[in-house]
Amino acid sequence: SPNHASLVEFGQKHVTKGLGRQLEAVITKGSGSYVSISDGREMLDFTSGIGVTNLGHCHPRVSKAAADQCMNLVHGQCSIGFTGPYLELIEQLLPMMPHPSLDSFYFWNSGSEAVEGAIKMARMFTGRQNIIAMQGGYHGRTFGAMAVTKSKTIYSAGFHPLMPGVFTLPFPYWHQLSRPKDTPTEELSAFCLNQLHLLLSQQTTPKDTAAIIIESVIGEGGYVPAPPEFLKGLREICDQHGIMLIIDEVQSGFGRTGKNFAIEYSGVKPDIMTVAKGLANGFPLSGIISRKELTDTLAPGSMGGTYAGNAVACAAAVEVAKVFKEEKILDNVNARSQELFSSLRALQASTSTKGLIADVRGQGLMAAVEFASPKGSSPHDSFINPSAPEKLSSRVAKRCQEKGMLILTTSVYEVIRFIPALNISKADLEKGIKIFTEAVEEIVR
Ligand code: PMP
């Protein structure tokens, strides 16, 4: 638009620098797998607004459902009464649950709030205080969620003291454990489970431990799926000691990994599950899901929130759930996932980029490439070391951007993540892979 430069300048002048920004432009329109930006370009979107617009931008059915709800009731307020969309959403979600015991729903606005609610519930259900979180885990930016976030110091630097009573467990990720890439996950899991036994006997006794919180796929910490044997081990230890297992599916839920919820890969039953992002395809909505027998122990009024479970957001989410089933989104995720992984593995093996890619990992359309770190390099956080050279992964993401595609990095390591819309077409997926491949080859040439 002719106003592009002046709008960007205005934004730079009046929006806090505390928000990082990948793109110095105004995003003006979204449609399917594309967004338009104010410099006149149309960008292929492999970020989905950080794993949110799973059905593509402005899915017509979802937008219409929200618009219709706007003409009927925008705000009911959950402590004043139910709304139709709130109850309809529960009806849609019940059959999708990874375990039939998950039958109690409490909706909020953001993933962070869902995590806050999960921590409060775990403390109330157990009468205990302490929480065990994963090294590399990410759960949000509010104080409780920030306290259990251990993926990058940038999220908490300068904001201490955090919520007390949080303990950190190593997570079975080869790089974080300084183990070779081909170490069997069983070995990594056994190591971490042994660390948990030690934690419970050296630092926080089970009688003081309310919950273990874990993402089914570590997201902001590097797109590392939690190995099934690790999750099963956690479940056993939780059962043994009456500790709540909180499964955070905020980023990995709603088809992202090729199943409704990534926890299904292990068959493990969550005591509390947090969801957000893909739930409403861009409308602010999150959920804390647990067992009614547990949640009925909460005192009436102890939970709440002005906008919690907003009627428009719930109406959008109802339509998301219907589209998800009717358009057979999981089938597309699994077909596109195979194409994505085989292309990334081919790039890993190709002679022009030999040795550059250490790892290709993920599930469904939650995929990542980890570049081999140069010998002697340490984890990178520009906050602690502003003079560190720009990461290779950041340079690749920027080059993709110049070539018309939005893509994100993740973690303190050299990781690029792929989170396209779950209904992305074969042609758009191929286009994205081509742009990424060219960007990598141009950067390392
Ligand atoms: N949990 C996980 C696993 C997440 O990925 C995120 C967001 N990236 C959050 C919680 C926090 O969600 P929100 O940004 O909506 O507060």
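1. Two strands pair if DSSP finds at least two bridges between them. In this predicted model, strand β16 and strand β17 (residues 415-418) are joined by three bridges and run antiparallel. One residue of this pairing can be named on each side: Leu-408 has Arg-417 in β17 as its bridge partner.

2. These two strands belong to an open sheet of four, ordered β13-β14-β17-β16, with antiparallel pairing. β13 (357-363) and β16 (408-410) each have a single partner strand and stand at the edges, so one side of each has no neighbour in the sheet. On average, neighbouring strands here are turned by 30 degrees against each other, direction ignored.

3. Helix α11 (residues 329-349) lies across three strands of the sheet, namely β13, β14 (366-371) and β17. The helix runs at about 170 degrees to β13.

4. Next, a pair of helices. Two packed helices are described by the angle between their axes and the distance between the axes. For helix α7 (residues 185-202) and helix α8 (residues 228-241), the axes come within 9 Å and cross at roughly 25 degrees. Angles under 35 degrees count as roughly parallel, and α7 and α8 are therefore roughly parallel to each other. The crossing is right-handed.

5. On the α7 side of this contact are Glu-186, Ser-189, Cys-192, Leu-193 and Leu-196, which meet Glu-229, Phe-230, Gly-233 and Ile-237 of α8. By class, the contact has five nonpolar, two polar and two charged residues.

6. Finally, the ligand. Of the 15 residues around the ligand, Gly-111, Ser-112, Gly-140, Val-250 and Gln-251 come nearest. Helix α5 (residues 111-126) gives the most to this shell, with three residues. The shell divides into five nonpolar, seven polar and three charged residues.

Conventions: Residues are numbered from 1 along each chain as its sequence is written. This is a predicted model: local features need pLDDT of at least 70, side-chain atom pairs count only at pLDDT 80 or more; totals for chains, interfaces and linings use all residues. A residue is near a molecule or strand if its C-beta atom, placed from the backbone, lies within 6 Å of it. Ala, Val, Leu, Ile, Met, Phe, Trp, Tyr, Cys and Pro count as nonpolar, Asp, Glu, Lys and Arg as charged, and the others, Gly among them, as polar. Axes are lines fitted to C-alpha atoms, for helices over the stretch in contact, and angles run from 0 to 180 degrees between N-to-C directions. Angles under 35 degrees count as roughly parallel, over 145 as roughly antiparallel, 65 to 115 as roughly perpendicular and the rest as oblique. A crossing is left-handed if the near helix is turned anticlockwise from the far one by less than a right angle, and right-handed if clockwise. Two residues are in contact if their C-beta atoms, placed from the backbone, lie within 7 Å.
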